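Welcome! Please take a look at the structure below, and then we can walk through it together.

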Amino acid sequence: MTPPHTPYTPEQDRALDRDCTTLSRHVLQQLQSFSADAQDLSAIMNRIALAGKLIARRLSQAGLVDDALGFTGTTNVQGEAVKKMDVYANDVFISVFKQSGLVCRLASEEMEHPYYIPENCPIGRHTLVYDPIDGSSNLDINLNLGSIFAIRRQEGTDENGQALDLLAPGRNQIAAGYILYGPSTMLVYSLGHGVHGFTLDPSLGEFILSHENIQTPDRGPVYSVNEGNFWQWSDGVRSYVRYVHKTEGYTARYSGALVGDFHRVLLQGGVFLYPGTQTKPKGKLRLLYEAAPLAFLAQQAGGRASDGTTDILDLTGTELHERTPLIIGSREDVNLVESFIQQAPNPQTTMELPPDSTRPTPAGQGA
Ligand code: AHM
Ligand code: MG
């Protein structure tokens with residue numbers, strides 16, 4: 001029987017207020033410490049949240065203000081067309097950390113080399129790695145987007161300015177998370193003690209705990225992959241996708257923005273894949289600021305992430321903007337994809353591209 005409608009009472013509001021857990025309070029609770037390091041991490045998370053609020057605000061007005069949408073006319077270090085919002089969001093992260101005394105380097109998808117803040121280095125030996133706007137092809141059509149981040153501790157002095165310590169495995173990350181700009185803005189993060197989701201209450205300007213201790217189901221119905229690349233995948237990936245086509249209970253979901261697609265499988269189970277293709281053998285996604293942070297979250301939520309043979313958290317990079325194939329989500333689903341890849345007669349084989357493989361990139365989409 002449907003319970004009778006309970007009329008709203010001001011007490012409900014007060015009860016909610018009393019239970020509101022803000023991000024900064026949560027970080028300190030998670031660390032169970034008020035040490036200087038814990039305070040630093042709490043402050044870093046607060047700055048990331050501030051960047052998320054600024055970006056969310058700009059996105060919510062993007063169709064109404066000048067110079068928010070569209071391309072800059074330049075390409076980034078990876079040869080991808082840069083959008084105005086990519087630049088804005090990258091600058092937001094820099095500006096919220098610039099005079100914070102909290103991090104001494106910022107490494108991002110939009111910068112060839114890390115941005116150094118030398119005056120912070122003696123006190124703040126953390127590095128923030130981030131993708132300021134992920135899923136840029138969704139920008140001009142008002143669909144979901146994200147920012148991805150991880151906090152790493154600087155190993156060594158990085159005297160030659162090459163940031164080689166950032167190539168260490170993702171298991172070394174201290175914290176990781178993302179901000180999802182969807183119908184509501186959410187910040188999901190982990191400090192290595194479970195995964196927790198916060199929803200931005202715009203009336204308070206605060207991220208409030210809404211999804212505590214997220215657990216990914218061991219398997220789920222969703223497979224999330226760009227099937228437009230079908231003929232460019234290896235035999236193993238194609239066999240897996242043929243298998244889900246023939247098996248009852250699977251459903252496809254793909255938004256073209258990793259954060260939203262990952263958020264779905266994190267909460268509801270299933271698997272997201274961006275495998276290598278013939279033109280991009282390591283796929284499209286970057287290890288340092290896309291795959292590794294999300295792998296950290298997946299693992300903390302009981303799921304996992306792989307490049308097809310190796311756990312993403314065990315991969316060491318050879319360069320800052322290195323790409324990796326990514327298979328991420330529910331543990332059993334990731335294992336299943338891996339088994340198709342590993343059992344394929346020749347894991348490296350890819351089909352010849354069909355003759356009309358040079359179709360133009362659709363308007364509004366970068367590389
Ligand atoms: P971006 O960081 O330049 O936006 O690229 C990453 C995005 C991911 O969000 C998404 O999963 C993927 O690219 C989509 O690529 P495709 O359009 O090839 O399916
Ligand atoms: Mg990205």
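## Around the ligand

The shell around ligand 1 is a mixed group: three of its residues are nonpolar, six are polar and five are charged. In this predicted model, 14 residues surround ligand 1. The closest of them are Asp 134, Gly 135, Ser 136, Asn 226 and Leu 258.

Where does ligand 1 lie with respect to domain 1 and domain 2? Domain 1 covers 22-211 and domain 2 covers 222-343, and both contribute residues to the shell, so ligand 1 lies between them.

## The open sheet

Now let's turn to the strands. An open sheet is built from eight of them, with mixed pairing, and the order is E4-E3-E5-E6-E7-E8-E9-E10. At the edges are strand E4 (115-116) and strand E10 (206-211), each of which pairs on one side only.

Within this sheet, strand E5 (residues 126-134) and strand E6 (residues 145-153) run antiparallel and are joined by seven bridges. If you would like a spot to look at, find Tyr 130, which stands opposite Phe 149 in E6.

## A closer look at Leu 187

Strand E8 (residues 185-190) contains Leu 187. Is Leu 187 buried or exposed? Leu 187 has 24 other C-beta atoms within 10 Å, and a residue with 20 or more counts as buried, so Leu 187 is buried.

Setting aside neighbours within four places in sequence, Leu 187 is in contact with Leu 23, Ala 49, Gly 52, Gly 177, Ile 179, Phe 198 and Phe 207. Gly 146 is 41 residues from Leu 187 in sequence, while their C-alpha atoms are 9.6 Å apart in space.

Key
Residues are numbered from 1 along each chain as its sequence is written. Chains are lettered from A and ligands numbered from 1 in the order in which they are written. This is a predicted model: local features need pLDDT of at least 70, side-chain atom pairs count only at pLDDT 80 or more; totals for chains, interfaces and linings use all residues. A residue is near a molecule or strand if its C-beta atom, placed from the backbone, lies within 6 Å of it. Ala, Val, Leu, Ile, Met, Phe, Trp, Tyr, Cys and Pro count as nonpolar, Asp, Glu, Lys and Arg as charged, and the others, Gly among them, as polar. Domain bounds come from an automatic or database domain assignment. Two strands pair if DSSP finds at least two bridges between them. Helices (H or I, at least four residues) and strands (E, at least two) are DSSP runs, numbered from the N terminus. A residue is buried if 20 or more other C-beta atoms lie within 10 Å of its own, exposed if 12 or fewer, and partly exposed in between; C-beta atoms are placed from the backbone. Two residues are in contact if their C-beta atoms, placed from the backbone, lie within 7 Å.
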